[in-house]
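I opened a fresh page to keep track of what I looked up, one topic at a time. The structure itself goes in first, and my entries come after it.

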Amino acid sequence: MSDELLSIRELDAHYGDFQALYGLDMSVNPGEVIAIIGANGAGKSPLMRSISGLLANRAEQIVYRGAPIGGLRADQVAHLGIALVPEGRQLFPSLTVEENLVLGAKVGRTGPWSLDKVYDLFPILRERRGQASTSLSGGQQQMVAIGRALMANPELVLFDEISLGLAPVVIKTIYDALPGIVGAGLTAMIVEQDISKALSVASRVYCLQEGRVSLQGRTDAITREEITAAYFGVDA
Amino acid sequence: MTGPRVTRATRASRIAMVLGAVTLIVLAAAPWWAGRADLRLMGEIFLYLSLACLWNLMAGYAGLVSVGQQAFVGFGGYMLFALTIFGGLHPVVAIAGGGVLAALISVPIATLIFRLKGAYFAIGTWVMAEVFRLAFAQIQALGGGSGTSLPVAIVKEIGRKKAMRESVSYWLALGAVLCVLLAVYVFLRSRRGLALTAIRDSEVAASGLGIDIWRTKLEVYVVTSALTAVIGGLIFLQKLRISPDAAFSVNDWTAFVIFIVVIGGIGTLEGPIIGTLIFFALRETLADFGTIYLMVLGLVAIVVMLKAPKGVWGLIRDRFDIELFPLSYRVHHPKD
Amino acid sequence: MTEWINAVVQGILLGGLYALFAAGLSLIFGVMRLVNIAHGDLIILAAYMGLSTTVMLGVHPFLALLIVMPLMAGLGYVLQRGLLNQTLGPDILPPLLVTFGLSVIIQNALLEIYTADPQKLSGGAIETASIPVGGLAIGVLPLLTFAIAVGVIAGLQWIFYSTGLGRGFRAVSDNQDIAQLMGLNKAHVFGLAMALALAVVAIAGILLGMRTSFDPAIGGGRLIFGFEAVIIGGLGNLWGTLAGGVILGVAQTIGGKIDPGWQLLAGHIAFLIVLAIRPNGLFPRIEH
């Protein structure tokens with residue numbers, strides 16, 4: 001227990017009157033890459049929003065490095081070293097590419113990532129650094145969103161729907177970059193619709209269904225059939 | 001087999017109706033049992049209640065938050081003076097005429113200021129009120145910037161004796177508040193009222209249902225402008241003297257009205273009634289303190305807005321689940 | 001002819017003051033979509049703070065700025081975090097009605113402390129000094145006011161587009177949630193924006209107080225002038241706001257030249273004409 005980076009205990013998340021998560025339990029060890037899969041409405045995004053502080057919860061429901069953080073605001077969570085690459089990129093349209101990246105470093109943590117390192121990872125962004133972020137293609141915007149999260153030098157990065165709406169060739173570029181990102185001792189949780197893509201980079205997987213964990217295990221120890229059953233909620 | 005019944009009326013609303021009828025008879029007889037000062041105060045209460053109901057219809061139901069309704073109060077007041085002095089009309093006819101004219105001019109005004117969204121709409125209405133104030137101050141025949149009094153001959157058309165005039169003035173105010181309450185109530189129960197509720201809940205969803213939001217809001221704006229002008233006419237029939245600063249005062253005709261509605265409960269029919277009673281109770285006890293009283297009023301309104309956004313009536317309703325004006329539908333499940 | 005040119009020049013310079021009224025309004029609307037009905041009353045509050053400072057310390061109004069600006073900025077921060085942040089949300093009623101209540105409170109507090117007697121800040125020789133330019137006499141104070149307005153807008157523009165603070169303002173304005181993820185505490189960012197807006201309000205209040213006499217009741221009118229400058233210029237465009245102020249000022253001085261009673265009316269009419277033909281203002285911000 002004590003060496004877990006993140007522990008989620010009986011997490012109930014609510015959007016107004018709607019309950020999105022029911023007593024979710026989850027644990028993440030340092031250096032792991034966790035895939036979170038599940039159908040639409042299974043509760044993947046509420047989970048991401050809860051961990052990052054965008055959805056308020058009870059403090060003890062989310063424990064990070066032994067400290068309860070469920071009640072913290074998103075900016076406080078960010079300072080602890082948790083970064084979210086949000087669904088749909090969500091760049092700041094009033095900011096240039098470089099300004100988006102620089103803002104990512106606002107939390108003031110030190111570590112391997114810098115503007116130059118991000119530009120080395122995605123060279124196209126160096127060329128586009130002065131442009132309005134909205135003038136980029138979807139794939140380039142995703143690169144900025146990833147780079148922006150890395151600029152915070154986080155310990156835990158949450159990727160929410162990393163390949164949604166992107167062309168296959170772009171998805172490949174981003175997934176090719178992932179090992180280089182998480183290789184440097186980073187812990188990652190990847191929410192993904194494309195199950196095989198997610199499993200290719202993750203060491204463990206959680207499958208969500210209707211706000212509950214329907215399956216969990218090491219990616220090399222569970223079968224496609226088990227995943228399909230957990231994903232769609234039918235008996236295999 | 002009986003399914004659930006859907007009703008609007010409740011026991012409380014039926015009791016309220018009976019009590020309302022009794023209260024009405026007692027109020028109508030007030031000239032025979034109330035003193036002059038009380039009669040005057042009650043007339044003023046009725047007129048403020050009318051203004052509060054109308055503002056509440058706009059802001060609380062149609063989402064048109066205006067801080068410029070003094071434009072129409074003053075316009076109605078000036079029309080009373082203009083139409084009687086220059087048009088030779090009877091004062092009551094002049095007041096009604098003021099309402100019609102207000103409805104007419106409110107249409108072009110709306111087409112202009114509806115271009116402003118949300119809070120900017122609010123300031124836009126204030127600009128219009130300023131335009132009215134400055135324009136009427138230019139009309140020398142109505143006394144220009146210093147204003148004018150209603151000629152004695154016209155005053156006498158209301159009643160030969162002072163007591164008679166005061167009674168008529170009181171009855172007109174009572175009649176006006178009844179008309180306004182009834183009009184707002186009927187409007188909200190009509191299809192348009194439902195459309196309004198739909199718009200308040202979600203503009204996107206409402207337009208998806210085929211509701212013409214712009215048109216619905218325009219109708220509310222025109223109707224409230226006309227009725228506000230009528231109330232304005234009655235206010236200055238009580239005062240018998242008008243000036244641009246008094247007619248278009250943002251404090252008297254908008255600030256107080258907003259405080260009444262917010263404290264009583266915005267977006268409810270009962271709220272303005274409670275708010276008016278609280279407002280006058282405070283005013284009669286604290287009026288000697290002048291500016292302090294206004295600061296307290298502003299502070300109370302802020303606290304209510306933050307801590308109890310549905311106002312005093314909202315607190316009462318949540319605690320006792322009652323409704324005096326049956327607007328919401330209630331589902332009764334038959335007992336097994 | 002010279003008289004008319006003079007009216008236009010005076011109007012342009014007056015527009016600088018109106019742009020100062022408008023800049024703070026524009027800033028807070030841009031960052032947090034808040035329209036502060038008490039904005040005009042805060043301008044008058046600043047003028048009275050300037051009055052008290054000059055009377056107590058015997059200093060020139062410009063020196064009083066050294067005290068009034070930090071005070072107003074501090075007040076803005078406290079006001080935002082203590083009160084106004086709680087009103088922000090999808091519903092427009094709470095911010096509108098709370099700032100309306102605030103307006104009444106400020107107005108009556110000023111009335112209680114300073115009475116309704118008109119006051120004026122004494123600027124000394126600068127008030128009457130003028131520079132002769134080809135038959136016209138251009139007042140030094142109006143000219144200085146205009147120069148300060150240009151400087152303030154350039155400064156705000158620089159803060160917005162070239163500093164980390166401005167980056168934070170724009171990010172929060174774009175998307176509050178995502179800005180929080182970057183470690184920005186939006187309550188604090190909003191507090192800083194209001195502090196900055198009220199620092200500008202302090203400058204506007206002092207310049208207003210030196211130009212004309214003021215009393216507690218005139219705040220609403222200043223709010224309207226600022227608002228009209230914002231709408232004429234186009235929402236979200238600070239230089240447009242300066243242009244809006246100039247148009248409003250020129251309309252007023254020309255109207256006043258025709259008939260003194262028409263001064264304010266002409267300004268409002270200019271605003272309504274712009275609203276009728278260019279509802280988004282003359283220079284709306286181009287969205288990316």
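The entries below go from one chain to the contacts between chains and then to salt bridges.

**Entry 1: the model.** I note at the start that this is a predicted model, and I read every value below with that in mind.

**Entry 2: the fold of chain C.** I looked up the secondary structure and found eleven helices and two strands in chain C. Reading along the sequence, I wrote down the order as α-α-α-α-β-β-α-α-α-α-α-α-α, so that the two strands come one after the other, following four helices.

**Entry 3: the overall form of chain C.** I asked which radius of gyration chain C has. The value is 19 Å, and because a compact globule of 288 residues would come near 19 Å, the two agree. Along its principal axes, the C-alpha trace spans about 60 × 50 × 35 Å.

**Entry 4: inside and outside of chain C.** I found that 59% of the 288 residues in chain C are buried. The area that chain C exposes is about 10600 Å², and carbon and sulfur atoms supply 68% of it. Among the contacts with a separation of 6 or more, 76% are between residues 24 or more positions apart. I also looked up the charges of chain C, where the mean positions of the 11 positive and 12 negative ones lie 11 Å apart.

**Entry 5: chains side by side.** Which chains share the most contacts? Of the two pairs of chains in contact, it is chains B and C. Chain A and chain B are joined by no contact, and their closest C-alpha atoms are 15 Å apart.

**Entry 6: salt bridges.** A search of the whole structure gave 20 salt bridges over all chains.

In chain A, I looked at Arg129(A) and Glu98(A), whose side chains meet in a salt bridge at 2.8 Å, N to O. This pair links distant parts of the chain, 31 residues apart, with Arg129(A) in the loop between helix 5 and helix 6 and Glu98(A) in helix 3. Glu98(A) has 22% relative accessibility and therefore counts as partly exposed. I also noted a network of salt bridges that links Asp116(A), Asp120(A) and Arg126(A).

In chain B, Glu44(B) and Arg283(B) form a salt bridge at 2.9 Å, N to O. Glu44(B) lies in helix 3 and Arg283(B) in helix 14, 239 residues apart. Arg283(B) also meets Glu284(B) in a salt bridge, at 3.6 Å, N to O. Glu284(B) counts as partly exposed because its relative accessibility is 48%.

Methods
Residues numbered from 1 in each chain as written. Chains lettered and ligands numbered in written order. Predicted model: local features only at pLDDT ≥ 70, side-chain atom pairs only at ≥ 80, totals over all residues. Heavy atoms only, no water. Rg over C-alpha atoms; globule rule 2.2 N^0.38 Å. Buried < 20%, exposed > 50% of the residue type's maximum accessible area, 1.4 Å probe, protein only. Contact = heavy atoms within 4.5 Å. Areas by Shrake-Rupley, 256 points an atom, 1.4 Å probe, with all protein chains shown as cover. Lys, Arg positive; Asp, Glu negative; His and termini not counted. Charge placed at Lys NZ, Arg CZ, Asp CG, Glu CD. Salt bridge = Lys/Arg side-chain N within 4 Å of Asp/Glu carboxyl O.
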